[in-house]
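Trainee: I've got a model open and a pile of labels I'd like to understand. Can we go through how each one is earned?

Mentor: Sure, bring it up and ask away.

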Amino acid sequence: MASSCLFNASLSSLNPKQHPIRRHHSASLLRHRPIVVSCTADANGNSSNTPIETAVKPRQRTEDNIRDEARRQRSTAVNPFSARYVPFNAAPGSNESYSLDEIVYRSRSGGLLDVEHDMEALKRFDGAYWRDLFDSRVGKSTWPYGSGVWSKKEWVLPEIDDDDIVSAFEGNSNLFWAERFGKKFLDMNDLWVKHCGISHTGSFKDLGMTVLVSQVNRLRKMKRPVVGVGCASTGDTSAALSAYCASAGIPSIVFLPANKISMAQLVQPIANGAFVLSIDTDFDGCMKLIREITAELPIYLANSLNSLRLEGQKTAAIEILQQFDWEVPDWVIVPGGNLGNIYAFYKGFKMCQELGLVDRIPRLVCAQAANANPLYLHYKSGWKDFKPMTASTTFASAIQIGDPVSIDRAVYALQKCDGIVEEATEEELMDAMAQADSTGMFICPHTGVALTALFKLRKQGVIAKTDRTVVVSTAHGLKFTQSKIDYHSKAIPDMACRFSNPPVEVKADFGAVMDVLQNYLGSNKTLRS
């Protein structure tokens with residue numbers, strides 16, 4: 001086995017039998033990381049100790065920058081790993097495939113594409129090898145492995161040169177124990193929130209965009225006809241695209257639905273120098289236009305129709321497993337709009353199972369806003385004929401999508417993992433967001449949608465109090481401050497705002513302030529909960 005060619009410079013000093021909640025906080029931060037040396041084999045199958053990818057070594061202080069240092073330490077071994085585009089869920093015997101260096105978004109039949117890795121090459125190395133290799137790279141500054149995405153490079157874009165990678169060391173986002181929220185509102189003691197909003201541009205979209213823009217950077221160096229990169233967006237995609245393109249010096253073009261995203265989301269692509277078009281339509285209308293434009297002009301399409309995005313997003317699933325010391329949670333709940341993300345999580349978990357890192361995958365839940373719930377309606381119909389819809393306005397604006405591009409991917413993923421789809425009304429999602437914030441979080445409305453799904457599944461008894469459950473938070477709450485202001489001001493029409501916490505106006509007088517504080521301290525049960 002390949003693992004026989006590994007050696008560890010040091011072993012974990014942590015006791016694997018210690019308390020399961022507290023252990024996961026410290027494991028990824030405190031344990032000693034192994035140095036991993038892989039085995040290669042010649043044409044006759046004879047193994048050697050030439051490294052394919054050596055684990056991160058301590059950096060030396062030199063005049064080199066981290067790219068220069070990466071060049072000096074680069075392995076001379078032949079890279080055995082590869083990937084290609086194939087039709088998504090292709091029929092057995094299909095021989096249609098494309099190089100990742102081709103500019104192609106759809107199969108010959110018009111269907112979705114998927115990135116297919118050479119699994120046989122990856123399987124030459126067992127699960128212990130991959131676990132140790134990925135763990136050895138966490139938290140390092142060595143290029144490009146300091147990124148939570150590129151620390152899994154062999155599973156993402158195995159053939160790209162490190163010099164072509166455009167990265168802000170995204171990923172490695174916080175997985176935190178939602179102790180008080182779980183106990184107070186759900187009677188759960190093993191509830192976790194994967195805060196993907198703690199990333200470069202404040203959303204999980206960074207994970208996919210570093211992969212896509214890196215590949216565009218490679219294509220432009222190869223003199224392929226790509227003058228820029230374009231996307232339709234409800235906010236976060238445009239922020240990620242513009243930031244990574246600005247880092248690489250690549251023009252970015254953004255189609256935004258006019259007056260349908262927050263100012264915090266709008267200012268990001270503007271600040272990063274994108275060419276922004278504010279269009280009098282919704283996201284689905286913007287998506288239709290960008291697909292037509294990219295078919296005519298040499299502008300690379302950056303929406304999740306492009307399967308490269310999903311290769312980066314799937315690494316969040318692998319991170320979750322790493323942060324639990326490769327123990328599999330029971331449930332993972334993900335907000336869903338264009339629906340690429342639910343498939344990306346499935347793909348990440350499934351690769352870990354197929355390659356022996358874990359022995360099972362979690363059940364997935366896709367949570368949708370009731371005002372934009374085509375997948376939920378499809379699920380409730382027993383997966384019968386899918387019907388796109390015209391999405392209504394929702395505070396969860398990033399998932400306000402009625403005709404999701406990745407519907408087929410989402411259905412496939414949910415069916416394979418015995419998944420569930422739930423929905424949240426506007427009042428439910430805003431209340432859930434306020435409840436989470438009241439326990440120390442500061443989440444986006446989309447996470448409120450996911451938490452509402454959790455509330456409902458707990459009430460139904462589907463998710464048990466002891467089930468290890470991860471809620472994926474997709475964006476930072478600071479992008480949605482106006483919705484929080486409106487909620488706590490009780491300024492939202494036809495909404496009770498049950499958990500609002502407006503400031504109390506009081507005169508600048510000692511007695512008046514004392515009266516208010518004594519009344520608060522004497523009657524507020526929250527202080528004792």
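Trainee: What makes Lys465 partly exposed?

Mentor: Keep in mind that this is a predicted model. Lys465 has a relative accessible area of 41%. Buried means under 20% and exposed means over 50%, so Lys465 falls in between and counts as partly exposed.

Trainee: And why is Asp187 called partly exposed?

Mentor: Same kind of reasoning. Asp187 has a relative accessible area of 43%, and with the limits at 20% and 50% that makes it partly exposed.

Trainee: How do you know that Asp187 and Lys465 meet in a salt bridge?

Mentor: Their N to O distance is 3.2 Å. The cut-off is 4 Å, so the pair qualifies. This pair links distant parts of the chain: Asp187 sits in the loop between α5 and β6, Lys465 in the loop between α16 and β14, 278 residues apart.

Trainee: What about Arg498 and Asp431, what makes that a salt bridge?

Mentor: The closest N and O atoms are 3.3 Å apart, which is within 4 Å, so the label holds. Here too the pair links distant parts of the chain, with Arg498 in the loop between α17 and α18 and Asp431 in helix α15, 67 residues apart.

Trainee: Are those two partners buried or exposed?

Mentor: One of each. Arg498 has a relative accessible area of 59%, over the 50% limit, so it is exposed. Asp431 has 5%, under 20%, so it is buried.

Trainee: How many salt bridges does the whole structure have?

Mentor: The search finds 23. One of them joins the side chains of Glu154 and Arg137, at 2.9 Å from N to O. Glu154 lies in the loop between α4 and β5 and Arg137 in helix α4, so the pair ties together parts that are 17 residues apart in sequence. Both residues are buried.

Trainee: Which residues are joined into one network by salt bridges that share partners?

Mentor: Asp114, Glu311, Lys314 and Lys347.

Trainee: On to the rings. Why is the Phe181 and Phe455 pair called edge-to-face?

Mentor: A pair of aromatic rings is described by the distance of the centres and the angle of the planes. For Phe181 and Phe455, the centres are 5.9 Å apart, within the 6.5 Å limit, so they pair. Their planes are at 65°, over 60, so the pair is edge-to-face. Phe181 lies in helix α5 and Phe455 in helix α16, so the pair ties together parts that are 274 residues apart in sequence.

Trainee: What makes Phe181 buried and Phe455 partly exposed?

Mentor: Phe181 has 1% relative accessibility, under 20%, so it counts as buried. Phe455 has 22%, which lies between 20% and 50%, so it counts as partly exposed.

Trainee: How do you know that Trp192 and Phe324 are edge-to-face?

Mentor: Their ring centres are 5.1 Å apart and the planes are at 90°, over 60, so the label follows. Trp192 is in strand β6 and Phe324 in the loop between α11 and β11, 132 residues apart. Both are buried.

Trainee: Where does Trp155 fit in?

Mentor: Trp155 belongs to one aromatic cluster with Phe81, Phe125, Tyr129, Trp130 and Phe134. The largest nonpolar core has 106 residues, and those with the most contacts inside it are Trp130, Trp155 and Tyr300. Helix α12 gives the largest share of this core, eight residues. In soluble globular proteins, nonpolar side chains tend to be buried together.

Trainee: Then why is Tyr520 called partly exposed?

Mentor: Tyr520 has 37% relative accessibility, between 20% and 50%, so that is the label. Tyr520 is in helix α18 and is part of a nonpolar surface patch with Val504, Val506, Val513, Val516, Leu517 and Leu521. Together they have about 580 Å² of accessible area.

Trainee: Last one: what makes Ser500 buried?

Mentor: Ser500 has 18% relative accessibility, under 20%, so it counts as buried. Ser500 is in the loop between α17 and α18, and beyond its sequence neighbours up to four places away, Ser500 touches Tyr487, His488 and Lys490.

How values were computed: Residues are numbered from 1 along each chain as its sequence is written. This is a predicted model: local features need pLDDT of at least 70, side-chain atom pairs count only at pLDDT 80 or more; totals for chains, interfaces and linings use all residues. Side-chain values use heavy atoms; hydrogens and water are left out. Patches are made of residues with over 30% relative accessible area and no salt bridge: like charges are joined within 9 Å, nonpolar side chains (Val, Leu, Ile, Met, Phe, Trp, Tyr) within 5 Å. Accessible areas come from the Shrake-Rupley method with a 1.4 Å probe; for residues, only the protein chains shown count as cover. Helices (H or I, at least four residues) and strands (E, at least two) are DSSP runs, numbered from the N terminus. Buried means under 20% relative accessible area, exposed over 50%, partly exposed in between (1.4 Å probe, protein chains only). Contact means heavy atoms within 4.5 Å. A nonpolar core is a set of buried Ala, Val, Leu, Ile, Met, Phe, Trp, Tyr and Cys residues joined through side-chain atoms within 4.5 Å. Rings of Phe, Tyr and Trp (its six-membered ring) pair if their centres lie within 6.5 Å; planes under 30 degrees apart count as stacked, over 60 as edge-to-face and the rest as tilted.
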